[in-house]
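Student: Can we walk through this fold together? I'd like the reasoning along with each answer.

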Amino acid sequence: MALEDKKLPPGLEADERVAAAISPRLEDGLLPCSVALAVAEEIACPPIMVGQTADVLAIRLTSCQLGLFGYPGHTKGWEAAGIAELPVPAGLEQALGEGRKERGDIGCLELWRLAERFSVSRIHVGYLADRLGIRIRRCQLGAF
């Protein structure tokens, strides 16, 4: 979802501690996903707080680690990375299907865990989920 399309909760304000931590780490005014999550870990706050603070400050998130958004010139990050040519580890597609059975979709964190379990990049798992028609939801930063 584009930043301008988001409906923020009434009265939501930027967290000063988060704002101070992300401000010097912006890249051309953008906040990469990996940086946002590193900030959350460093200042011991939930990732959603970093995402919401970025939203309030009108800072766009970029370079989604699953490849879903933030890759200039490409619809998806895996197009830029050439992920389609990589082999698919045995069992990964089945695990993706099992991961979504309960809700009909799969969460960002669940995909990260599968990437680790199958020793592939997060963007590779994002590509496979998309190719299989699996809807990815529940971004830790609230981007989608």
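Student: Which pattern does the protein chain follow, read along the sequence?
Tutor: Elements here are DSSP runs, with helices (H or I) of at least four residues and strands (E) of at least two, numbered from the N terminus. The chain comes to seven helices and four strands. Read in sequence order, the pattern is α-β-α-α-β-α-α-β-α-α-β.

Student: What radius of gyration goes with that, and what are the ground rules?
Tutor: It's a predicted model, so to speak of ground rules: local features need pLDDT of at least 70, side-chain atom pairs count only at pLDDT 80 or more, and totals for chains, interfaces and linings use all residues. Residues are numbered from 1 along each chain as its sequence is written, and side-chain values use heavy atoms, leaving out hydrogens and water. The radius is taken over C-alpha atoms, and the globule rule is 2.2 Å times the number of residues to the power 0.38. For 144 residues that rule gives 15 Å, so the chain is as compact as a globular protein of that length, at 16 Å.

Student: Is Q140 buried or exposed?
Tutor: Q140 sits in the segment after β4 (135–137). Buried means under 20% relative accessible area, exposed over 50%, partly exposed in between (1.4 Å probe, protein chains only). At 18% relative accessibility, Q140 counts as buried.

Student: Which residues does Q140 touch?
Tutor: A contact needs heavy atoms within 4.5 Å. Leaving aside residues up to four places away in sequence, Q140 touches L37, P47, I48, C108, L109 and W112.
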